[in-house]
Amino acid sequence: MSYIAYFDLVGTKGFCESPEVYFEKMQHFKKAIEQISWLVREYGTVGVFSDCAYVESSDLKCILDFLVQLRDRLISKGLFFNAVVKSGSLDPQDLKAKGSQHLFGVAFNNSSIADLYIQQTKFKGLGILIDRSIQEEVKETAYTMTDCIFIERRVINNCIEYIPTSYKDISFGCSIKSKKSIEILLRMVLNVMFTSYIKSPKYGTYYVSILSNLVRSYTQGFEWDMKKQKFTSMPLGFQSVNKILSLYYDKMTDLSGLEYLAFVLLDVIYNSQDLNDEEKSSITNSFSNYECIKKYLHSLNSIPENIFTGNNRNLFIKYCQDDLSSDFVEKVLDNNQ
Amino acid sequence: MKREFERKTIFLYPEISTLGYDQLLMTNELITNINLVVYSANDLIKTILTGGNFSFINCLPTVFMQSVCEDKSNSDDDITNVRICISGFNDIDYTENYEKIIQKYKNETSDISHLVAIYINQKATRTRFIPDPKNQFDVIIESNLENLENILVAIMLDISLYHYFLLSGDLKKRKDFNLYKYEYVCSTFSQQDQEKIYGNQFVKEQKLYLPLSLKAVKALSIRTNKDRRTQTITDLISEYANFLADIVSHKIEINESGSILNPNQHKSLLHYNQIEQIIKNNHSHNKFLIIVPDDLTDTNKEIVLPYISDNEKINPWISKDNEDIGTYQIILVSKR
C-alpha cells in the first residue's frame with residue numbers, strides 16, 4: 001500500500017503583486033522542499049511544479065515526517081501550505097524521459113490522483129488534512145491527530161454561507177515543543193493572519209484551521225481562579241485565541257468562522273484533566289458572555305460533532321441551564337429590581 | 001539616513017546524502033527552530049530600535065539566516081561575509097564545515113571584524129562565552145535554543161549602537177573596538193555580573209568577542225512592564241555611551257594652568273586650536289569630557305561635560321540630541 005499527498009502554497013496570488021517578494025517566497029519554498037524531500041528518498045518521490053507538489057511514499061511515517069517538517073519549515077519563513085494525505089498511488093511518469101527536449105513535466109497514471117486533487121482544492125485551511133482512509137494507521141505512528149475546522153464557502157439559495165467543516169490534522173505538539181518556539185510560532189501565525197485579514201477577510205478565514213490546531217496541540221497547564229473568575233495559567237495557543245475572541249471578535253465579525261473557535265476552546269476545557277467540574281462550570285459561565293457563544297446557544301447542531309463532542313455538548317447545556325436559569329429566576333423574583 | 005545592515009548567520013550542514021534518517025530529521029528540525037528564533041530576534045531588534053528610546057536610527061541591523069548544504073558547489077547561496085556560524089548541535093560538531101570561512105577571515109580578505117561560533121547545546125542551562133581552543137573563532141557561545149534569541153539580539157544591538165555613535169567603519173578600528181569592549185567588561189563589570197551575563201569570569205589576557213548589550217537584553221527578556229522596558233533600553237544606551245567615554249575617547253593630559261602636555265601627540269585632532277582654547281576655558285575641572293562635532297561652527301558647538309564617575313557622566317549629552325549628532329570626537333581631559 002502507498003500513501004500520496006498533494007499540497008500547494010497558500011497566498012501565492014498575493015505574492016505576485018511584487019516580483020521580488022514572489023521570487024523570495026518561491027526560493028524559500030523550493031529550498032525547503034529540496035532539503036526536506038531527502039526524508040522520502042528510500043520509500044518514494046516528490047514532484048514539484050511552481051508552488052505545488054505531489055508526494056508518494058510506501059512508508060506512512062516517511063510521508064508524515066516530510067509533511068510535518070515542511071509545514072513547520074514553511075511557517076518559520078512566514079509561508080503556509082494546505083496538504084491532503086491519503087492512501088493511493090500516483091504512478092508518476094516523467095514526460096522528459098521519453099526523449100523529447102521541448103517538453104517537461106510529470107503525468108500521473110493512477111486515478112487516485114483525482115480524489116486527492118478534489119479533496120485538496122476543497123480544503124480551505126492551512127495544514128495537513130488526514131484523509132479518513134489512513135486515520136487508523138496514523139494513530140499507530142508517533143503522530144497525534146487533532147480535531148480541527150476549516151470554513152467552507154457555499155452558495156445556498158443564492159446566499160453565501162460559511163460552513164464549518166471538521167478534519168483531522170497533525171498536532172504541532174509532535175514537532176514544536178519548546179516554550180520559546182511555540183511562542184514564536186504563534187506570533188508568526190497571528191502576524192500573517194492579521195495581515196491577510198486586512199487584505200481580505202476571505203484570506204483571514206483560512207487561518208481558523210491553523211488556530212484550531214494550535215489550540216488543540218497544547219492543552220496542558222490550565223489553572224482557574226474561582227474567586228477572581230479568571231485563568232491564572234493556560235496554554236499559549238488557548239490564551240491567544242481566547243484573547244482574539246474576547247477583545248477582537250466584535251471588530252472582526254467579517255472573518256467568518258472565528259466564532260467556532262470558541263467551541264474548540266470549550267471542548268479543550270471540558271477535556272482537560274487540569275480542571276475539576278466546578279471550575280469547568282465556572283469557566284462556562286464566563287464564556288457564556290461571549291457574543292460568539294450566545295449566537296449559537298440555540299443552534300448547537302450547526303457546530304460539527306468533532307469540534308464539540310456529544311458529551312461536552314451536553315455538559316455545556318447542563319452548565320448553561322444551571323447558571324442561566326438560576327440567574328433568570330433570581331432576577332425575575334428579585335423585589336429590589 | 002537609515003541603512004539596513006544584514007548580519008549573516010550561517011548553518012553549514014554536512015552533505016545530505018551522507019546523513020542517516022534520524023540525523024536528517026534532527027538537522028531539518030534544527031534549521032526550522034533557528035529560523036523561528038531568527039524571525040523573533042529580528043522582530044525584537046526592530047521593536048527596540050524603533051520604540052522611541054533612540055533619538056535617531058542610522059542602522060537597523062537584521063540577522064540573515066542561511067542554512068546551506070556543505071556539498072552544494074552549484075548553490076546560489078552566497079556564503080561570504082558570514083559573522084555568526086552554528087558550529088555544533090548537542091553532540092554533533094560542525095566546525096570543520098567552516099574551514100573556508102575561517103580561512104578567509106584569518107587572511108582578512110573579508111570585511112569582518114568578528115567571527116562568532118554558536119554551539120547550540122540543549123542541555124546547557126545557561127549561556128557561556130568560551131575561548132576557542134583552536135583559535136579559529138573570536139568566541140564560542142554555548143547556548144540552548146531558548147537563549148539564542150538574546151544572543152543574536154545583543155550582537156545586533158552592539159552593531160546598531162556602534163553606528164548610533166557614528167564610529168569608524170575602518171576594519172582595524174572595528175576590530176580594536178571589540179577588544180576595548182572586552183577590556184571594559186573585565187574592568188568595570190563585577191565578577192558576579194561577568195558570570196551572570198557571560199557565564200564566565202574573564203582574564204584580560206585571553207580576549208574574546210563579547211556583546212556589551214547582552215546585560216540589557218537579558219534584563220529586557222524578563223521585563224513586561226512598558227516603563228521598565230523603556231528604562232532598560234535607556235540604561236543600555238547610557239552604558240554604551242559611558243563605555244565610549246572611558247575607552248574610545250582621545251585622552252589629553254593638562255597641567256594646572258590648562259596647557260596641553262605633549263601637544264605634538266594631539267595636533268592631528270580636528271579643530272586642534274579650538275580644542276586647546278576650550279580646554280583653557282574649562283581647566284578649573286580636574287577631569288572633563290569634550291564632545292567636538294567635526295563640523296564645529298558657532299551654532300553647532302562643542303559640548304563640555306564634567307567627568308562624573310559612573311552612570312551620569314554622559315547622559316546629558318545623549319538626551320540633548322534629538323537629531324542626528326553628526327560625526328564627532330570625544331576627548332577626555334585630565335589634570336596630571
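The following exercises, with worked solutions, concern a predicted model.

**Exercise 1.** Determine how the reach of helix α10 of chain A relates to its expected span, and whether its residues are mostly covered or not.

*Solution.* Step one is to locate the helix: α10 of chain A covers residues 260-271, which is 12 residues. Next, take the distance from the first C-alpha to the last, 17 Å, which is close to the 16 Å expected at 1.5 Å a residue. Then consider burial, for which the cut-off is under 20% relative accessible area. By this criterion 11 of the 12 residues of α10(A) are buried, and the helix is mostly covered. Among the buried residues are A:Y260, A:F263, A:D267 and A:Y270.

**Exercise 2.** Describe the surroundings of the buried residue A:R73.

*Solution.* Begin with its position: A:R73 belongs to helix α3 of chain A, residues 60-76. Now examine charge. A:R73 has no salt bridge, since a salt bridge requires a separation within 4 Å, and the nearest side chain of opposite charge, A:D72, is 8.7 Å away. Then look for polar partners: the side chains of A:R73 and B:T32 are joined by a polar contact of 2.9 Å. Finally, beyond its neighbours within four places in sequence, A:R73 is in contact with residues including A:Q35, A:I36, B:N28 and B:N35.

**Exercise 3.** Identify which residues touch the most other members of the largest nonpolar core.

*Solution.* The largest nonpolar core has 188 residues, and those touching the most other members are A:F7, A:L67, A:L245, A:F263, B:Y98 and B:I118. A separate, second core has 14 residues, including B:L269 and B:I290. Turning to B:Y98, its contacts beyond four places in sequence include B:I10, B:F11, B:C85 and B:F137.

How values were computed
Residues are numbered from 1 along each chain as its sequence is written. Chains are lettered from A and ligands numbered from 1 in the order in which they are written. This is a predicted model: local features need pLDDT of at least 70, side-chain atom pairs count only at pLDDT 80 or more; totals for chains, interfaces and linings use all residues. Side-chain values use heavy atoms; hydrogens and water are left out. Helices (H or I, at least four residues) and strands (E, at least two) are DSSP runs, numbered from the N terminus. The expected span of a helix is 1.5 Å times one less than its number of residues. Buried means under 20% relative accessible area, exposed over 50%, partly exposed in between (1.4 Å probe, protein chains only). Lys and Arg count as positive and Asp and Glu as negative; His and the chain ends are not counted. A polar contact is a pair of N or O atoms within 3.5 Å; within protein, one must be able to donate a hydrogen and the other to accept it, and residues adjacent in sequence count only if both atoms are side-chain atoms. Contact means heavy atoms within 4.5 Å. A nonpolar core is a set of buried Ala, Val, Leu, Ile, Met, Phe, Trp, Tyr and Cys residues joined through side-chain atoms within 4.5 Å.
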